[in-house]
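Hi,

Here is the structure I promised to pass on to you. Please have it open while you read, as my notes below go through it residue by residue in places.

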Amino acid sequence: MKKNKDRIITSHIDGTMTPDEKKATLVLQEQANNNWDTTRRRSKYHFDPYMQDPLYDTVIQLGSIVPCWQDNLEQIILESKRVTWQQLAHWRTRNEPGKSKSKKDLAAEEHITGRDETLYPTNLSWKIPPILQYVSDLFAVDDCMARIHVQMPSQVFNMHIDQLYSWNITNPDSISRFQIALTDWEPGHFCSYGNYLYTGWRAGDVTIFDWQNVPHSTANAGRSPRVTLQITGIETEQTREFLRKLKNSKPFVNWISKPYVDWRSI
Ligand SMILES: [Fe+2]
């Protein structure tokens, strides 16, 4: 994928772009200027606050994994670092934090996005402990980005639409973002997908949503951190095989109770 992206950037310079590459470049440029108006225009969502469309006003529940990471939670929370909107968008290098942009760039982008760069929507941890690496590997996505969101009480992720096109600009349908709840829901924890308010989850619940279209937000008005493992990447045949097993095993316990063993070999 990186090659593909490099090719697009190169051809932009040498002026030999194909129509597909021109389209992809526009998508990447829009992504760079990520703002509500642009993403809203691209989305198929209805944006009617009084409508409930089952296609978009929902989160898709894929099954549950028996929690096996409780011993790591305290350390994960302790090591997580707060990030601004811009840092979140910019920290796209895989599994390690990137650098924030200059103050001048941030000010310019704040003007575009209307986002207040003094706010911290969440804490992030890029240190994935072995047991969560094992969980992440089960999803078998290509070009995997795994990171842990630790949303502390009072942190708010305002409504937005994800921009994940850089994973595969020519086939965005192949890109998936999975969320695995690492902590139980508690009153005051919120996730909204369109007009659907998602609450009441259990640690281990796995969800996915239509990232290309569904505006979403999260908030922690509770008293404990809300911790989620987020896995982003390109779906493979192994991903689909795992999701079938996840759906049919409630909860997905037999393989995960033997950490560090490849469940496919059992
Ligand atoms: Fe998002």
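Let me start with Asn220. Leaving out residues up to four places away in sequence, Asn220 touches Gln151, Met152, Pro153, Ser154, Gln155, Gly188, His189 and Arg226. Please keep in mind throughout that this is a predicted model. Asn220 belongs to strand 10, which covers residues 216–220. Is Asn220 buried or exposed? With 22 other C-beta atoms within 10 Å, Asn220 is buried; the cut-off for that label is 20 or more. One of its contacts, His189, is 31 residues away along the chain, yet the two C-alpha atoms are separated by 4.7 Å.

His189 leads us to strand 7, residues 189–193. This strand has two faces: His189, Cys191 and Tyr193 are on the covered one, while Phe190 and Ser192 are on the uncovered one. Strand 7 pairs with strand 10 in the antiparallel sense, over five bridges, and here Cys191 is opposite Thr218. Strand 7 is also joined to strand 8 (residues 196–198), again antiparallel, by three bridges. In that pairing Cys191 stands opposite Tyr198. Strands 7 and 8 make a hairpin with two residues between them, and Gly194 in the turn has a positive phi of about 60°.

Now for the overall picture. The protein has 266 residues, of which 30% are buried, and its secondary structure comes to eight helices and 11 strands. Among contacts with a separation of 6 or more, 80% are between residues 24 or more positions apart.

Seven of the strands form an open, antiparallel sheet, in the order 1-9-6-11-4-3-2. The edges are strand 1 (60–64) and strand 2 (81–83); each has a single partner strand, so one side of each has no neighbour in the sheet. From one strand to the next, the twist averages 30°. Within the sheet, strand 6 and strand 11 pair in the antiparallel sense over seven bridges. As an example you can look up on screen, Ile175 has Ile234 in strand 11 as its bridge partner.

Next, the nonpolar core. The largest one has 24 residues, and those with the most contacts inside it are Val135, Phe139, Ile148, Ile180, Leu182, Leu229 and Ile231. At least two residues each come from helix 7 (130–138), strand 4 (142–151), strand 6 (175–181), strand 11 (226–234) and helix 8 (237–248). Which element gives the largest share? That is helix 7, with four residues. Apart from this core lies another, of eight residues, which include Tyr56, Tyr198, Phe209 and Val214. You will recall Tyr198 as the residue opposite Cys191 in strand 8.

Ile231 is a good place to zoom in on the 24-residue core. Not counting neighbours within four places in sequence, Ile231 is in contact with Ser136, Phe139, Val141, Cys144, Ala146 and Phe178.

Helix 7 lies across strand 4, strand 6 and strand 11, and runs at about 40° to strand 11. Its buried residues are Leu132, Tyr134, Val135, Ser136 and Leu138. What do the buried residues of helix 7 pack against? They pack against strand 4, strand 6, strand 11 and helix 8. Just after helix 7, Ala140 has a positive phi of about 50°.

Finally, helix 8. It has 12 residues and reaches 17 Å from its first C-alpha to its last, close to the 16 Å expected at 1.5 Å a residue. Thr239, Phe242 and Leu243 are the buried residues of helix 8. They cover an arc of only 100° around the axis, and therefore sit on the same side of the helix. Strand 1 and helix 7 are included in what covers these buried residues. On the face of helix 8 turned away from its buried side are the exposed residues Glu237, Arg240, Glu241, Arg244 and Asn248.

That is the tour. Happy to go through any of it with you over coffee.

Best wishes

Technical notes
Residues numbered from 1 in each chain as written. Predicted model: local features only at pLDDT ≥ 70, side-chain atom pairs only at ≥ 80, totals over all residues. Core = buried A, V, L, I, M, F, W, Y, C linked by C-beta atoms within 7 Å. Buried ≥ 20, exposed ≤ 12 C-beta atoms within 10 Å, placed from the backbone. Contact = placed C-beta atoms within 7 Å. Pairing = 2+ DSSP bridges. Axes fitted to C-alpha atoms, helices over the stretch in contact; angles between N-to-C directions. Expected span 1.5 Å × (residues − 1). Arc of directions from axis to C-beta.
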